[in-house]
Amino acid sequence: GDEYIQNCNTDISIENLTQEQIDILKELIAKDPFYSSSVFGIYSIVDSVFLLSRNSYPIELVDLRKTFRTIAGKDNEWQAEKSLSTATYTFLNYAIDLELLGKIGQQIIITPAGFKFILMLQLHKSIKMIEGLSDLK
C-alpha cells in the first residue's frame, strides 16, 4: 500500500493510475489471484477473455458475461441480468485500467500485457500444483 501511494501522481486526477501503480497492482494479482474478491474478479475476467479467444476473436461482450459469471464462481449470485452486467462492467473496466484488456465498441480484446499476465498466472498455478503433488510423496 505504501509503495502504491508513493507512486501516485498528485498532478493528475486520483482516478488515473501511473504506470508504476499499474505494475504494482498487476504484480499483486499475479502473486495471489485469490487475495480478495476484487483481485479474483480481475483475474477471472482476463481468464474468461483468454478462454473465449480460443473459439473466436475479438470477444463479444454478450458472450463474455456468461463465461465470466462461471469462471468467477458466481452462477448462483449473479442470476439477475442487472447484477451480471454491473459485475462484468466493473471488472472489465478494472482490467482495462490495468492495460490487460481493451474494448472496441461491444468487442473485447486481450492486450499483449494481458496475454503475458494470464500465461504467467497459469505457469504459477502449474508450478504450485506440481509442488503440491511432490509434497504427497
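**Entry 1: the hairpin**

I began at the hairpin of strand 2 and strand 3, which has two residues between the strands, and there I noted that Gly105 takes a positive phi near 65°. The model is a predicted one, and I kept that in mind for every value below. Gly105 belongs to the loop between strand 2 and strand 3, and with a relative accessible area of 52% it is exposed. I then looked across the chain from this turn, and found that Gly105 and Glu60, 45 residues apart in sequence, are 9.4 Å apart in space from C-alpha to C-alpha.

**Entry 2: the strands**

In which sense do strand 2 and strand 3 pair, and over how many bridges? I found the antiparallel sense, over four bridges, with Leu101 standing opposite Ile110 in strand 3. Strand 1 and strand 3 also pair in the antiparallel sense, over two bridges, and on that side I recorded Ile108 as the bridge partner of Ile59.

I next followed the side chains along strand 3 and saw that they alternate: Ile108 and Ile110 point to one face and are buried, while Gln107 and Ile109 point to the other and are not.

**Entry 3: overall layout and confidence**

I stepped back to list the elements, and counted six helices and three strands in the protein chain, running α-α-α-β-α-α-β-β-α from the N terminus on. Buried residues make up 34% of the 137 residues. Of the contacts with a separation of 6 or more, 51% come from residues 24 or more positions apart.

For confidence, I noted that the chain averages a pLDDT of 85 and that 87% of the residues score at least 70. Confidence is lowest in helix 1 (residues 2-6), at a mean of 52, and highest in strand 3 (residues 107-110), at 97, so far as the means of the elements go.

**Entry 4: the nonpolar core**

Which residues have the most contacts inside the largest nonpolar core? This core has 30 residues, and I wrote down Ile45, Val46, Leu64, Phe68, Leu101 and Ile108 as the answer. At least two residues each are supplied by helix 2, helix 3 (37-52), helix 4, helix 5, strand 3 and helix 6 (112-135), and helix 3 gives the most, with nine residues. I add the general remark that in soluble globular proteins nonpolar side chains tend to be buried together.

I took Val46 as a case to follow, and, leaving aside its neighbours within four places in sequence, I found it in contact with Ala95, Leu100, Leu101, Ile110, Gly114, Phe117 and Ile118.

**Entry 5: helix 2 and helix 4**

Helix 2 (residues 19-31) has 13 residues and reaches 18 Å from its first C-alpha to its last, which I compared with the 18 Å expected at 1.5 Å a residue and found close. Its buried residues are Gln21, Ile22, Ile24, Lys26 and Ile29.

In helix 4 I listed Leu61, Leu64, Arg65, Thr67, Phe68 and Arg69 as buried, and I noted that what covers the buried residues of this helix includes helix 3, strand 1, helix 5, strand 2 and strand 3. Just after helix 4, Gly73 takes a positive phi of about 75°.

**Entry 6: aromatic pairs**

How many aromatic pairs does a search of the whole structure find? It finds five. I looked at the one that Phe68 and Trp78 form, which is tilted, with 5.3 Å centre to centre and 35° between the planes. This pair links distant parts of the chain, with Phe68 in helix 4 (residues 61-71) and Trp78, 10 residues apart from it, in the loop between helix 4 and helix 5 (81-97).

Are the two partners buried or exposed? Phe68 has a relative accessible area of 0% and Trp78 one of 14%, and both count as buried because each lies under 20%. I also noted that ring pairs link Phe68, Trp78, Phe91 and Tyr94 into a cluster.

**Entry 7: backbone details**

I closed with two loops. A cis peptide bond joins Tyr57 and Pro58, with omega about -5°, and Pro58 has its place in the loop between helix 3 and strand 1 (59-60). Glu99 has a phi near 65°, a positive value in a residue other than glycine; I placed Glu99 in the loop between helix 5 and strand 2 (101-104), where at 35% relative accessibility it counts as partly exposed.

Note on methods: Residues are numbered from 1 along each chain as its sequence is written. This is a predicted model: local features need pLDDT of at least 70, side-chain atom pairs count only at pLDDT 80 or more; totals for chains, interfaces and linings use all residues. Side-chain values use heavy atoms; hydrogens and water are left out. Rings of Phe, Tyr and Trp (its six-membered ring) pair if their centres lie within 6.5 Å; planes under 30 degrees apart count as stacked, over 60 as edge-to-face and the rest as tilted. Buried means under 20% relative accessible area, exposed over 50%, partly exposed in between (1.4 Å probe, protein chains only). The expected span of a helix is 1.5 Å times one less than its number of residues. pLDDT is the predictor's confidence in each residue, from 0 to 100. A nonpolar core is a set of buried Ala, Val, Leu, Ile, Met, Phe, Trp, Tyr and Cys residues joined through side-chain atoms within 4.5 Å. Contact means heavy atoms within 4.5 Å. Two strands pair if DSSP finds at least two bridges between them.
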